[in-house]
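Open your viewer and get ready to select residues by number. We will go stop by stop.

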Amino acid sequence: MEDGAYSSREQQNIVVPPVEGVAGGGTGYGWNDGSLPSSSSLNGVSDIDPTKIPTSDLVHVWFMPSTVNIGQQEMPRHLEPVSLLAARNERENIQIALRPKVSWGGPDTAGAVQVQCTDLCSTSGDRLVVGESVTLRRVVPILGVPDALVPLKHPVTQINLLPGETTALWVSIDVPSGQPPGQYEGEFFITAIKADTDLRSSTLTLAKSEKYQIFKEIKSCIESVETLEGKSVEEMMKTVSSASLGLRKILLSPTFTEFSLDNGSGDLMDEDTLTNISIRLKLSLTIWDFTLPATPSLPAVFGVSETVIEERFGVAHGSDGWYEALDRHFRWLLQYRISPFFCRWGDSMRVLAYTCPWPADHPKSDEYYSDPRLAAYAVPYAPVLSGDAARDVLQREVEILKTKAHWKKAYFYLWDEPLNLEQYESIKKISNEIRSYAPDARVLTTYYCGPSDAPLAPNNFEAFTKVPNFLRPHTQIFCTSEWVLGNREDLVKDIISELQPQNGEEWWTYVCMGPTDPHPNWHLGMRGTQHRAVMWQVWKQGGTGFLYWGANCYERSTVASGEIRFRRGLPPGDGVLFYPGEVFSSSHQPVASVRLERLLSGLQDIEYLMLFASRYGREESLALLEKTGVYRGPEQYTLEHMPIDVMRAEIFRTCRS
């Protein structure tokens, strides 16, 4: 079954997946004021027919920002139109919350609702198409906390609501790089339906502007074909292909949904029903004339455990299925502006990290490393597959890669958090070998302390700051734990003062287990702004890169759809930013967490701040971050969403010309 395409039965019976642990958390922090009573004049009425009653009498529906954790007990709020701001090549998110006022369904549900969304259209006829640029996912609790984002059908889907529980839908709008700027508007229609109603696709009666847009597109296709006389065969083929694509785009638009999805056999929900009974949610999006760079300005490298993939999906190391599984994960993760690397752990925290499973002389290698969405890539210092002599493989890989234009993205990740002199010496030894083939190779080392058996200074923090001098020239990217700083961001200057940027040395940071609440991190149950603040912290501190140890490091399983277990001894959610799609449906595509989406939003915030800094200087960008109350320090960041919108709007206002 295709990704995101479920049967009606699957849609109606989606349940919380099997997850180890107990329920807890998940409240909408900071959104307790202004809630509405959930009672209804229909309480106590039996045999409610939703087709004869306005849906607003049956269901509370309201918008919520993407930084809010909408728990099952989230109370209703007023429904207001939403206006969003996005650049080109940016994803912006909003949530729709639904809570039944009464029950009109069967014994196990409060009732079912049909959710229908339209394209977002501009006055000039441009549009963001549902199912392509506009997507809808259901927020599913993990350990009782809203986290997994399970894809839904487009443009019409059916949702079962439970008595006394709030359900959240996650709306994502992906703006293509070539999308014309302007004001775009669209609508969502929420309609209560009978429990035995089949999922039907529906369409809206065409507005005059939509009719005119279709007229223009068809006319353009006809005119292009009518002017073929005298053109070369190559030009004719190009013109016909373009006309064909244009016509196909029209046929695949929501206007003709009933023919493409239901083969014309489905009953349509007519405009009167949508107007008189449905709840209408209006969404406005301003796209401005700024395009986020295809290559992220800040390299964010994230580990993906190859062993977890091998065991859960039953693929043998080096088999065709193994390559396919790794390739699927790599391509899916690129949409989040992160640079994935696959990893295998050895003794004493030695790690083999590699971005591409194919050798450097394979065509796939250039395809991976040249992808503009990849900001940095890990080169393996040992064979990814067994059987080759390690020294020969390393030398051959390096000699090929260093001739490529993308070599500047390369780095070697050799050891994770070395603790003693022996481990530090191992890093030096491997680095010496790599640098004998490529003197300009970059080695990345993560650490939170100096060697315990060879004190570099009288106290722990001083010893920590002396690590660069101890590892020079065997490391070029010094990647330190945020845990070391605690709430003392003023200590950053002591770390940076030990580096030699003129010699290519960089300072990156990472989070792993810690820091814990209230500091920024991606643990399950933390505030949404706390998740997003990880990247605000990176920007304020001046780091030039970021590393995260694992995005799929849940407990291993030999069944793809098996129980999701977070690793014992780690905070829930640590090392897990997406889930296997098989747990929720028959899809093989990974399922994102809300924390992964907030990570993406934080990386996009950095692009906004970099634009502002390019116009007005870095100090002014830091002043804006603080003035708006978005981020002042690891214990002083916004708990509400509004300051984020204020900061982004100010950047839009000052930088749009």
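In which sense do β11 and β12 pair, and over how many bridges? They pair in the antiparallel sense, over nine bridges. Keep in mind that this is a predicted model.

**Stop 1: around β12**

Select residues 182–193 for β11 and residues 279–291 for β12. Now highlight Phe188 and Leu281: Leu281, in β12, is the bridge partner of Phe188.

Next, add strand β2, residues 82–88. β2 also pairs with β12, here in the parallel sense, over seven bridges. Pick out Leu84, whose bridge partner in β12 is Leu285. Strands of a sheet pair through backbone hydrogen bonds, either parallel or antiparallel.

Show the side chains of Arg280 and Glu187. They meet in a salt bridge, 2.9 Å from N to O. Arg280 belongs to β12 and Glu187 to β11, and the two are 93 residues apart, so this pair links distant parts of the chain. Which of the two counts as buried? Glu187 does, because its relative accessibility is 14%, under the 20% cut-off. Arg280, at 37%, counts as partly exposed.

**Stop 2: more salt bridges**

The structure holds 30 salt bridges. Go to Arg373 and Asp371. Their closest N and O atoms are 2.9 Å apart in a salt bridge. Arg373 is partly exposed, at 33% relative accessible area. Asp371 is buried, at 10%.

Now select Lys540 and Glu489. This salt bridge has its closest N and O atoms 3.4 Å apart. Lys540 sits in helix α14, residues 528–541, while Glu489 sits in the loop between β19 (477–481) and α13 (492–496). The pair therefore ties together parts that are 51 residues apart in sequence. Check the surface here: Lys540 is partly exposed, with 22% relative accessible area, and Glu489 is buried, with 12%.

Then select Glu90, Glu92, Arg532, Asp605 and Arg648 together. Salt bridges that share partners join these residues into one network.

**Stop 3: the nonpolar cores**

In soluble globular proteins, nonpolar side chains tend to be buried together. Look for that now. The largest nonpolar core has 117 residues. Which members touch the most others? Select Trp288, Phe412, Trp522, Met535, Phe546 and Ile651. Helix α15, residues 594–616, gives the most to this core, with ten residues.

Zoom in on Phe412. Leaving out residues up to four places away in sequence, Phe412 touches several residues, including Val379, Tyr381, Leu394, Trp407, Ile434 and Leu444. Apart from the largest core lies another core, of 39 residues. Among them are Ile48, Ala86, Val102 and Leu285.

**Stop 4: a nine-strand sheet**

Colour the strands in this order: β15-β14-β13-β21-β20-β19-β18-β17-β16. These nine strands form an open sheet with mixed pairing. Which strands stand at the edges? They are β15 (351–354) and β16 (377–378). Each has a single partner strand, so one side of each is left without a neighbour in the sheet.

Move to β18, residues 443–447. Four bridges join β18 to β19, and the two run parallel. Highlight Thr446: Cys479 in β19 stands opposite. In a regular strand the side chains alternate between the two faces of the sheet.

**Stop 5: a five-strand sheet**

Now colour β1-β3-β10-β7-β8. These five strands form an open sheet in that order, with antiparallel pairing. The edge strands are β1 (59–65) and β8 (145–151), and each pairs on one side only. From one strand to the next, the twist averages 30 degrees.

Look at β1 beside β3, residues 91–100. Seven bridges pair them in the antiparallel sense. Select Val61 and you will find Leu98, in β3, opposite.

**Stop 6: Ser593**

Where is Ser593? Find the loop between β23 (591–592) and α15. Ser593 is buried, with a relative accessible area of 0%.

Show its polar atoms. The side chain of Ser593 reaches the backbone oxygen of Leu577 at 2.7 Å. A polar atom of that side chain also lies 3.0 Å from the backbone nitrogen of Leu596. Finally, show what surrounds Ser593. Setting aside neighbours within four places in sequence, Ser593 is in contact with Asp147, Leu149, Leu577, Phe578 and Tyr579.

Technical notes. Residues numbered from 1 in each chain as written. Predicted model: local features only at pLDDT ≥ 70, side-chain atom pairs only at ≥ 80, totals over all residues. Heavy atoms only, no water. Salt bridge = Lys/Arg side-chain N within 4 Å of Asp/Glu carboxyl O. Buried < 20%, exposed > 50% of the residue type's maximum accessible area, 1.4 Å probe, protein only. Core = buried A, V, L, I, M, F, W, Y, C linked by side-chain atoms within 4.5 Å. Contact = heavy atoms within 4.5 Å. Pairing = 2+ DSSP bridges. Polar contact = N/O pair within 3.5 Å; in protein donor to acceptor, adjacent residues only side chain to side chain. Axes fitted to C-alpha atoms, helices over the stretch in contact; angles between N-to-C directions.
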